[in-house]
Amino acid sequence: MMKSAVRAASVGWVALWGALALPVSADDVPHLDIKTDCRETNEYSEHDVYESCLEQEKIAYQLLREAWDRIYPPVVDWCMGNMQHDGWESYQSLYECINSEQEGVLVQWPF
């Protein structure tokens with residue numbers, strides 16, 4: 001009885017560790033409210049930057065989507081937690097955080 005409990009616990013830890021080590025699916029890219037973020041950015045700018053902000057967010061989203069299956073869930077969790085703490089929802093911020101936490105997984109920012 002004791003051996004089966006130990007074995008079950010070991011299998012559980014292996015499964016948990018494996019889940020943490022596996023990259024996430026491209027379908028799991030979080031949905032962020034970039035329009036609100038860009039509106040707020042535009043309010044603090046001397047120029048109208050709303051459309052360019054949206055364009056930059058779309059580019060960052062596409063780059064994240066292309067690399068999402070190579071990004072580890074703990075990195076995503078860490079970066080999303082930081083973003084939520086700071087009150088921003090930005091694919092650019094998520095891109096920068098993931099790029100710094102998991103170096104080499106994302107292509108170079110095109111700008």
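Here are three short exercises on this structure, each with a worked solution.

The model is predicted, so local features need pLDDT of at least 70 and side-chain atom pairs count only at pLDDT 80 or more, while totals for chains, interfaces and linings use all residues. Residues are numbered from 1 along each chain as its sequence is written, and side-chain values use heavy atoms, with hydrogens and water left out.

**Exercise 1. Find how many helices and strands the protein chain has, and in what order the elements run.**

Step 1: Take helices (H or I, at least four residues) and strands (E, at least two) as DSSP runs, numbered from the N terminus.
Step 2: The protein chain then has 5 helices and 0 strands.
Step 3: Read from the N terminus, the order is α-α-α-α-α.

**Exercise 2. Work out which geometry the ring pair of Y61 and Y91 has, and which helices hold the two residues.**

Step 1: Rings of Phe, Tyr and Trp (its six-membered ring) pair if their centres lie within 6.5 Å; planes under 30 degrees apart are stacked, over 60 edge-to-face, and the rest tilted.
Step 2: This rule gives 1 aromatic pair.
Step 3: Y61 and Y91 have ring centres 5.0 Å apart and planes at 70°, so the pair is edge-to-face.
Step 4: Y61 sits in helix α3 (residues 50-67) and Y91 in helix α5 (residues 91-101), so that the pair links distant parts of the chain, 30 residues apart.
Step 5: Now check the cover, where buried means under 20% relative accessible area, exposed over 50%, and partly exposed in between (1.4 Å probe, protein chains only). Y61 is partly exposed at 28%, whereas Y91 is buried at 5%.

**Exercise 3. Identify which helix gives the most residues to the largest nonpolar core, and which residues E57 touches.**

Step 1: A nonpolar core is a set of buried Ala, Val, Leu, Ile, Met, Phe, Trp, Tyr and Cys residues joined through side-chain atoms within 4.5 Å.
Step 2: The largest one has 26 residues, and L64, W68, I71, Y91, L94, I98 and L106 touch the most other members.
Step 3: α2 (34-43), α3, α4 (73-86) and α5 each supply at least two residues, and α3 gives the most, with 8.
Step 4: E57 also lies in helix α3. Counting contact as heavy atoms within 4.5 Å, and leaving aside neighbours within four places in sequence, E57 meets I34, D37, C38, S90, Y91 and Q92.
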